[in-house]
Amino acid sequence: MATTAEDVRTIALSLPDGSEKLAWGMPTFRVGGKIFAALGDDDTTIGVKCPKEDRAELIAAEPEKFFVREGHDDNYAWIRVRLAAVADAGELRSILTDSWLQAAPKRLAAAHPELAAAHPEPAAGD
């Protein structure tokens, strides 16, 4: 079963200090005042934080799931995710948690080692 915008909302708001705020006419999800996820115009995609150097590899590995909007995402550390291609709520939680960890204040992230443990940093050279 495909994941939905409501799944995004439920998971994003369950993360520590997660909040929702409308911006650009779309729901955005924030931590410490920083956006870590945003629903697309038609609720079928989300944007999440992703280091620019990791985007090409993710898109090449799963082009049906990950993409960037040319001319819009080029200069930002974001990637788009097609919700219909996300396997289940567990995978969606993983994607949103990874983005949350990138946006969360260091002190808040450090207070939730269980989230970081599920998303270890890659070793140098990986």
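1. The fold is organised around an open sheet of six strands, arranged in the order β1-β2-β3-β4-β6-β5, with antiparallel pairing. The edge positions are taken by β1 (19-23) and β5 (66-67); each has a single partner strand, so one side of each has no neighbour in the sheet. It should be kept in mind throughout that this is a predicted model.

2. At the β1 end of the sheet, β1 and β2 run antiparallel and are joined by five bridges. One pairing can be named: L22 has P27 in β2 as its bridge partner. The two strands form a hairpin with two residues between them, and there W24 adopts a positive phi near 55 degrees.

3. The pairing of β3 with β4 is likewise described as antiparallel, and three bridges join these strands. Here A38 has G47 of β4 as its bridge partner. Helix α3 (residues 89-103) packs on the sheet, where it touches β2, β3, β4, β5 and β6, and its direction makes about 40 degrees with that of β4.

4. A further helix, α1 (residues 5-14), also deserves comment. Helix α1 lies across β1, β2 (26-31), β3 and β4, and runs at about 20 degrees to β2.

5. Within helix α3, I95 is a residue to inspect. Its relative accessibility is 13%, below the 20% cut-off, and I95 therefore counts as buried. Apart from neighbours within four places in sequence, I95 is in contact with V48, F66, V81 and V86. For V81, which is 14 residues away from I95 along the chain, the separation of the C-alpha atoms is 9.1 Å.

6. Is K65 buried or exposed? This lysine is found in the loop between α2 (52-61) and β5. With 4% relative accessibility, K65 counts as buried. Its contacts, leaving aside neighbours within four places in sequence, are R80, V81, R82, A85, V86 and E91. V81 thus appears in the contact list of K65 and also in that of I95; V86 is likewise listed for K65 and for I95.

7. The loop between α2 and β5 also holds E62. At 27% relative accessibility, E62 counts as partly exposed, whereas K65 counts as buried. The C-alpha atoms of E62 and A85 are separated by 9.2 Å, with the two positions 23 residues apart along the chain counted as their spacing. A85 is also one of the residues in contact with K65.

8. The second largest pocket contains about 430 Å³ of space. Sixteen residues line this pocket, and those closest to its centre are W24, M26, A38, H72 and R80. Two or more lining residues come from each of β3 (34-39), β4 (45-49) and β6 (78-82). Which element supplies the largest share of the lining? That element is β3, with three residues.

9. By class, the lining of the second largest pocket comprises seven nonpolar, four polar and five charged residues. Several residues from the earlier points recur at this site. W24, the hairpin residue with positive phi, is among those closest to the pocket centre. A38, the bridge partner of G47, belongs to that group as well. R80 is also listed there, and R80 is in contact with the buried K65.

Terms used:
Residues numbered from 1 in each chain as written. Predicted model: local features only at pLDDT ≥ 70, side-chain atom pairs only at ≥ 80, totals over all residues. Heavy atoms only, no water. 1 Å grid on protein atoms, 1.4 Å probe; cavity = no way out; pocket = protein on both sides within 12 Å on 5 of 7 lines; lining within 4 Å. Points joined across faces, edges and corners; volume = space filled by probe spheres on them. Helix = DSSP H or I, 4+ residues; strand = E, 2+ residues; numbered from the N terminus. Nonpolar A, V, L, I, M, F, W, Y, C, P; charged D, E, K, R; others polar. Pairing = 2+ DSSP bridges. Contact = heavy atoms within 4.5 Å. Axes fitted to C-alpha atoms, helices over the stretch in contact; angles between N-to-C directions. Buried < 20%, exposed > 50% of the residue type's maximum accessible area, 1.4 Å probe, protein only.
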